[in-house]
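Look at the model below and follow the chain with the text beside it. The paragraphs go from the whole protein to its helices, and then to single residues.

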Amino acid sequence: MKFFLDTANSEEIERINRLGLVDGVTTNPTIIAKEGKNFETVIKEICALVPGPVSAEVTSLDSAGMIREAREISQWAKNIVVKIPMTEAGLQAVHTISKEGIKTNVTLIFSAAQGLMAAKAGATYVSPFLGRLDDIASDGIQLVSDLREIFDIYDFDTEIIAASVRHLGHVEEAALAGSDIATIPGNLFPKLWSHPLTTNGIAQFEADWQAFQEKQE
Ligand code: E4P
């Protein structure tokens, strides 16, 4: 499973990138607003840091506006993926721009039917939102699993991005459910390589080694 970073913060991206773990980046208007910088500047900075796909979301709600924004955003860098919300207008936009070779990430997917529509319209990626489904007592991982099955049965190339990831369990379960990608918030990522028993084990080894050294002196 590929790891995308769900952030527009360049320090977070650089930190994880040093480990060779960043296959791509996803953003949305909320994530961009947190940085307090110009949208185009932030996206271009990220595209220069990460060679993999970088999702930048349109803000228009009508298809003509989405298409116009998508054509402009896609010029910002070679690795741009245009993020489009899952609506009728969004599907129309995806259908048009995917034929022009613009890569798309259809976002705010909450049902298998929505994922199937997006794939049929020509989406490069679909983003089922795990955390937000869990918030309404639904099952985000089951959605990933259903999409995996549908895309395999009908041979869609569309890749699944497990999004709205809130904890380590989501990452592990998305991997087991066959998600192509998990997009992980910058502050959650370090928790993937940490474990209290690892920390305790290191402390214990260090203490035992110190005691052994002191005995030898
Ligand atoms: C990424 O593509 C999504 O926009 C993001 O994961 C949403 O996460 P949230 O539900 O925690 O806001």
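The protein has eleven helices and eight strands. The model is a predicted one. Taken along the principal axes, a box of roughly 75 × 40 × 30 Å holds the C-alpha atoms of the protein. Of the 217 residues, 47% are buried. Among the contacts in the protein with a separation of 6 or more, 56% join residues that are 24 or more positions apart.

Helix α8 is a useful place to begin. What length should α8 have? At 1.5 Å a residue, its 14 residues should span 20 Å, and the C-alpha atoms at its ends are 20 Å apart, so the two values agree. Several residues of α8 are buried: G140, I141, L143, V144, L147, R148, I150 and F151. An α-helix has 3.6 residues a turn, so residues three or four places apart point the same way. The buried residues of α8 are covered by several elements, including the strands β5, β6 and β7 and the helices α6, α7 and α9.

One of these neighbours, α6, can be described in more detail. Two packed helices are described by the angle between their axes and the distance between the axes. Helix α6, residues 112-121, packs against helix α8, residues 140-153, at an angle of about 40°, and the axes are 9 Å apart. Angles under 35 degrees count as roughly parallel and those of 65 to 115 as roughly perpendicular. The angle of about 40° therefore makes α6 oblique to α8. The crossing of α6 past α8 is right-handed. On the α6 side, the contact is made by A112, G115, L116 and A119, and on the α8 side by L143, D146, L147, I150 and F151. Sorted by class, the residues of this contact of α6 with α8 are seven nonpolar, one polar and one charged. Four of the α8 residues just named, L143, L147, I150 and F151, also appear among the buried residues of that helix.

Helix α6 also packs against α5, which covers residues 88-98. Are α5 and α6 roughly parallel or oblique to each other? Their axes are 8 Å apart and meet at an angle of about 30°. That angle is under 35 degrees, so α5 and α6 are roughly parallel to each other. Here L91, V94, H95 and S98 of α5 meet M117, A118 and A121 of α6. The contact of α5 with α6 has five nonpolar residues, two polar and no charged.

Now turn to residues outside these helices. F110 sits in the loop between β5 and α6. With a relative accessible area of 32%, F110 counts as partly exposed. Which residues does F110 touch, leaving aside its neighbours within four places in sequence? They are F129, R132, L133 and L143. L143 is also one of the α8 residues in the contact with α6. Q92 is 18 residues from F110 along the chain, and the C-alpha atoms of the two are separated by 19 Å.

Strand β5 itself holds L108. Although L108 is not a glycine, it has a positive phi of about 65°. L108 is partly exposed, with a relative accessible area of 31%. D155, another residue other than glycine, also has a positive phi, near 60°. D155 is placed in the loop between α8 and β7. Its relative accessible area is 66%, so D155 is exposed.

Is K83 buried or exposed? K83 lies in strand β4, residues 80-85. The relative accessibility of K83 is 4%, and buried means under 20%, so K83 counts as buried. Apart from neighbours within four places in sequence, K83 is in contact with T27, N28, S55, A56, E57, V58, N105 and T107.

The last stop is D180, in the loop between α9 and β8. D180 counts as partly exposed because its relative accessibility is 21%. Leaving aside neighbours within four places in sequence, the contacts of D180 are with M1, K2, R148, T158, E159 and I160. R148 is one of the buried residues of α8. D180 and L116 are 64 residues apart in sequence, and their C-alpha atoms are 16 Å apart in space. L116 belongs to the part of α6 that meets α8.

How values were computed:
Residues are numbered from 1 along each chain as its sequence is written. This is a predicted model: local features need pLDDT of at least 70, side-chain atom pairs count only at pLDDT 80 or more; totals for chains, interfaces and linings use all residues. Side-chain values use heavy atoms; hydrogens and water are left out. Axes are lines fitted to C-alpha atoms, for helices over the stretch in contact, and angles run from 0 to 180 degrees between N-to-C directions. Helices (H or I, at least four residues) and strands (E, at least two) are DSSP runs, numbered from the N terminus. Angles under 35 degrees count as roughly parallel, over 145 as roughly antiparallel, 65 to 115 as roughly perpendicular and the rest as oblique. A crossing is left-handed if the near helix is turned anticlockwise from the far one by less than a right angle, and right-handed if clockwise. Contact means heavy atoms within 4.5 Å. Ala, Val, Leu, Ile, Met, Phe, Trp, Tyr, Cys and Pro count as nonpolar, Asp, Glu, Lys and Arg as charged, and the others, Gly among them, as polar. The expected span of a helix is 1.5 Å times one less than its number of residues. Buried means under 20% relative accessible area, exposed over 50%, partly exposed in between (1.4 Å probe, protein chains only).
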